[in-house]
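Biologist: I would like a close look at a single part of this model, and then at how the rest is arranged around it. Please keep to what can be computed from the atoms.

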Amino acid sequence: MGALSIRNVRKSFGTVDILKGIDIEVEEGEFLILVGPSGCGKSTLLSMIAGLDVPSTGSIHIGERDVTHELPKDRDIAMVFQSYALYPNMNVAQNISFALEMRKVPKAERAAAVQRVATMLQIEHLLDRKPGQLSGGQRQRVAMGRALARNPKLFLFDEPLSNLDAKLRVEMRAEIKLLHQRTRTTTVYVTHDQVEAMTLGDRIAVMRDGVVQQFGTPDDIYTRPATRFVAEFIGSPAMNMLPVDAASVGAEALTVQGTSIALSPEQQAALRRQPAAGLVIGLRPERVQLGDRGVAGRLTLLEPTGPDTYAFVDTPLGGLVSRVAGTVTQRVGDVVNLNWDARDLHLFDTATEARIG
Amino acid sequence: MIRDRRSMTLWHRFAIWSVLLLFAAFFLLPLYVMVATSLKDMAEVRDGNLLSLPGSLNFAAWHKAWSQACTGTDCGGLQPFFWNSTLMVVPAVLISTALGAVNGYVFSKWKFAYSELMFGMMLFGAFMPLQVVLLPMSQVLGWFNLADSIWGLVIVHVLVGLATTTLFFRNYYVSLPDELVRAAMLDGAGFWRIFWRIVLPLSAPILVVTLIWQFTQIWNDFLFGVVFSAGDAKPITVGLNNMANTSSSVKEYNVDMAAAMIAALPTLAIYVLAGKHFVRGLTAGAVKG
């Protein structure tokens, strides 16, 4: 049994199903990411883990305990909110020690905990200030400090970085990861940002419309996306998607817009095992090479990002994006050739969106 | 260009100040007449003009209004009524404000099934013509044996004021982020602790508004005072009315004016002392956390 298990959790408001049967197991010390577009149910699920909401059916276990119907305060969890939710009337030290005070921890111990957390987060000089006098990044630290002070069994983060500017977000992201490496507290982190998901998570649950589309390591999710949705949601620029010609599905070779596409032996075997009525081919932009052989097309747009350049090419197969390291010598309007390794293709069933190979 | 703009502002300022001064004078004139008349003796009142300044600062009329003027057969001035009003206002304001705060806290942060409907129904109380409650209220006061007592008036004002105080606090608390309450729940605080430690300390602006509002409403109330009180439990508004209506050979305008000033002074004083906070509280938005 893991540190946190979510078993067949469902939630409905009236006739609307917000969560449609969620099963997730998290091991002790793991960093779990719940990621998905807004409205996918990730925040509702987090609220239920926190005890601020109750599942319609199913159960939630922390360690050995079934906490489905326990009060938030009895669950031994701490949460960092999107708005930080610092108490405006208390100074930083009081904010951090409030939970300990509520749990009747003696004053000396509380002071020690505040000191320990403040040192860890480098906010010692802020202890006497009110939240209103702090910058966004400082508030973020205090919110984390408040969660850390208690040494909870479980840390919950609800989109904690979305109110920060881009530079600070990257800094705080690294700090959260460092903090987790030091404390090894089991963590559940909700975000809609795929980069946060990939960089922070030990395991990621990609959610959509109340269903977990894929639950796995960042590497799994990126290299073997279980559904077309996961493939398109994770990765930037998004994966190229090429609908296979209906006539060629089930035949020896697949064609896209009349052009034949070579498949690896494994993919051919997978197709024989799971015949599909319609197929979509996925291809990561960084696996598309810009060269002098392969499919010809016209360069329509270049987006240099510094380390990489995104090249948008109009080909007979449809529009394709290639992510090229460094800069590109060709210019917009030039005819270029694109090639790739057949093993880098992903095959998805059009109807079920499930991965075939 | 710059010169033009500067002269425009100057002209604008002049216009704005003139209008403001005109209106200030318009609103202050009655007050001036009251104060001036109350400081004259009757000879001066009869001879002089309504707007003329008193010859000297003569507080005799104030003294008489406070402790000697007759209402009916009693000639003890407004003093006893003033203390009646004080004894009524202080508990009525404190209790109605406290209950309104807790109600508002529940209606905004601890919603339950049909709580919105309940709040909506409660709003009727804030906009209901008060005459509607006179008969049932006197019935209830009779049952509890509280008719014609100061405590009876306190209960009436608490019940009548509750709808408004609840509305004030509820609307203010709606602007406090729900996440504050959730964070406190996770931190281990319960219903009352969250109220005392987090919600109430953030309520200063709306507390001031409600206290001033309730004080003014209850101190100035005449309807309930005249209907539900008798004998020596009458509030100052009723006392003032009775004093002004007590017929004697000479109408003592200076004493009447002084009495009216005495009745109005506490609310005036509250506005002068806390008016700034009143305006600030009315316009206060969400607390930035």
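How many bridges join strand 17 of chain A and strand 18 of chain A, and in which sense do the two strands pair?

Modeller: Strand 17 (residues 308-315) of chain A pairs with strand 18 of chain A over 8 bridges, in the antiparallel sense. This is a predicted model, in which local features need pLDDT of at least 70 and side-chain atom pairs count only at pLDDT 80 or more, while totals for chains, interfaces and linings use all residues. Residues are numbered from 1 along each chain as its sequence is written, and chains are lettered from A and ligands numbered from 1 in the order in which they are written.

Some terms first. Helices (H or I, at least four residues) and strands (E, at least two) are DSSP runs, numbered from the N terminus. Two strands pair if DSSP finds at least two bridges between them.

One bridge of the 17-18 pairing links A:Asp308 to A:Ala325 in strand 18 of chain A. Both strands belong to an open, antiparallel sheet of 5 strands in chain A, ordered 15-19-16-17-18. Strand 15 (289-291) and strand 18 (318-325) of chain A are the edge strands; each has a single partner strand, so one side of each has no neighbour in the sheet. From one strand to the next the twist averages 45°, with axes fitted to C-alpha atoms and angles between N-to-C directions running from 0 to 180 degrees. In a regular strand, side chains alternate between the two faces of the sheet.

Another set of pairings in chain A is built around strand 14 (residues 279-283). Of the 5 residues of strand 14 of chain A, 4 are buried (20 or more other C-beta atoms within 10 Å of a residue's own; 12 or fewer is exposed, in between is partly exposed, and the C-beta atoms are placed from the backbone). Strand 14 of chain A pairs with strand 11 (residues 240-243) of chain A in the antiparallel sense over 4 bridges, and there A:Met241 stands opposite A:Gly282. Strand 14 of chain A also pairs with strand 20 (residues 346-349) of chain A, antiparallel, over 4 bridges. In that pairing A:Ile281 has A:Leu347 as its bridge partner.

Now the whole chain. Chain A has 9 helices and 20 strands, and 40% of its 357 residues count as buried. Along the principal axes, the C-alpha atoms of chain A fill a box of roughly 75 × 45 × 35 Å. The domain assignment (automatic or from a database) splits chain A into domain 1 (4-228) and domain 2 (236-349). Their C-alpha centres lie 38 Å apart.

A:Ala149 sits in the loop between helix 4 (136-148) and strand 7 (154-158) of chain A. A:Ala149 counts as buried because it has 24 C-beta neighbours inside 10 Å. Outside its neighbours within four places in sequence, A:Ala149 is in contact (C-beta atoms, placed from the backbone, within 7 Å) with residues including A:Ile96, A:Leu100, A:Ala113 and A:Val117. A:Ala112 is 37 residues from A:Ala149 in sequence, and their C-alpha atoms are 9.6 Å apart.

The largest nonpolar core (buried Ala, Val, Leu, Ile, Met, Phe, Trp, Tyr and Cys joined through C-beta atoms within 7 Å) has 141 residues, and among those that touch the most other members are A:Ile33, A:Met79, A:Leu156 and A:Val188. Helix 7 (residues 150-174) of chain B gives the largest share of this core, 13 residues. Beyond four places in sequence, the contacts of A:Leu156 include A:Leu46, A:Ile77, A:Met79 and A:Val188.

Between the chains, 21 residues of chain A are in contact with 17 residues of chain B. Strand 6 (77-80) and helix 2 (92-102) of chain A each supply at least two residues of the side that touches chain B. That side of chain A has 16 nonpolar, 3 polar and 2 charged residues; Ala, Val, Leu, Ile, Met, Phe, Trp, Tyr, Cys and Pro count as nonpolar, Asp, Glu, Lys and Arg as charged, and the others, Gly among them, as polar.

Chain B is divided into domain 1 (2-58) and domain 2 (79-282). The centres of these two domains of chain B, over C-alpha atoms, are separated by 33 Å. Each of them gives 8 residues to the contact.

How values were computed: Two residues are in contact if their C-beta atoms, placed from the backbone, lie within 7 Å.
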